Each structure stands twice: as C-alpha cells, then as structure tokens.
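This report describes the fold and the surface of one protein chain. Please look at the model first.

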Amino acid sequence: MRRIKKWTRSVVRLARSRADSGMTTSEYAVGTIAACAFAAVLYKVVTSAAVMSQLQSLLKGALDAKF
C-alpha cells in the first residue's frame with residue numbers, strides 16, 4: 001500500500017512540475033479577441049427581428065400566465 005501512495009505522490013509532483021504557469025500576452029490577446037467576436041455575434045443574433053419577436057412572445061406568455 002505504501003508503494004502505491006509513494007508512486008501516486010511522485011506522479012502528482014511530476015504533473016504539477018510540468019503544468020503551465022499561465023498564459024502569455026499573445027494568448028491573452030487572442031482570447032480577448034475571440035471573446036469580443038463571440039459577444040458581437042451573440043448581440044447580433046439576440047437583437048435580430050426574429051429572435052426579438054420570439055423573446056417578446058415568450059415574456060408575454062410568462063407574464064400573462066394564470067396562477
């Protein structure tokens with residue numbers, strides 16, 4: 001049993017030593033641009049006429065529900 005625990009600890013230590021310490025500046029830039037592009041596409045979809053009418057219909061139905 002001790003051998004298994006020792007082996008497990010060594011594997012965990014090895015995995016932690018090889019882990020990335022964080023993103024570089026270029027990775028942050030690419031991530032920020034991707035997030036902004038996704039937000040722009042999502043905004044366009046949500047503000048489109050078809051989606052707006054469906055959302056209004058959904059909200060009207062929820063507010064007019066009888067309890």
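Helices are DSSP runs of H or I with at least four residues, numbered from the N terminus. Helix 2 (25-46) and helix 3 each contribute at least two residues to a nonpolar patch. The model is a predicted one.

**Overall fold**

The chain contains three helices and zero strands, and its order along the sequence is α-α-α. Of its 67 residues, 0% count as buried. The accessible surface amounts to about 6700 Å², and carbon and sulfur atoms account for 66% of that surface.

Helix 3 (residues 49-63) is 15 residues in length. From first C-alpha to last, helix 3 reaches 21 Å, close to the 21 Å expected at 1.5 Å a residue. Helix 3 is hardly covered, with zero buried residues among its 15.

**Nonpolar patch**

The nonpolar surface patch consists of Phe38, Val41, Leu42, Val45, Val46, Met52, Leu55 and Leu58. Together these residues have about 730 Å² of accessible area. Helix 2 gives the largest share of the patch, five residues.

Phenylalanine 38 is a patch member located in helix 2. Is phenylalanine 38 buried or exposed? Phenylalanine 38 counts as exposed because its relative accessibility is 58%, and the cut-off for exposed is over 50%.

**Positive patch**

Arg2, Lys5, Arg9 and Arg13 form a positive patch on the surface. Arginine 9 belongs to helix 1 (residues 2-17). Its relative accessible area is 54%, so arginine 9 is exposed as well.

An α-helix has 3.6 residues a turn, so residues three or four places apart point the same way.

**Patch residues in brief**

The two residues described singly are listed here.

| Residue | Helix | Relative accessible area |
|---|---|---|
| Arginine 9 | helix 1 (residues 2-17) | 54% |
| Phenylalanine 38 | helix 2 | 58% |

Definitions and conventions. Residues are numbered from 1 along each chain as its sequence is written. This is a predicted model: local features need pLDDT of at least 70, side-chain atom pairs count only at pLDDT 80 or more; totals for chains, interfaces and linings use all residues. Side-chain values use heavy atoms; hydrogens and water are left out. Buried means under 20% relative accessible area, exposed over 50%, partly exposed in between (1.4 Å probe, protein chains only). Accessible areas come from the Shrake-Rupley method with a 1.4 Å probe; for residues, only the protein chains shown count as cover. The expected span of a helix is 1.5 Å times one less than its number of residues. Patches are made of residues with over 30% relative accessible area and no salt bridge: like charges are joined within 9 Å, nonpolar side chains (Val, Leu, Ile, Met, Phe, Trp, Tyr) within 5 Å. A salt bridge is a side-chain nitrogen of Lys or Arg within 4 Å of a carboxyl oxygen of Asp or Glu. Lys and Arg count as positive and Asp and Glu as negative; His and the chain ends are not counted. The place of a charge is taken as NZ of Lys, CZ of Arg, CG of Asp or CD of Glu.
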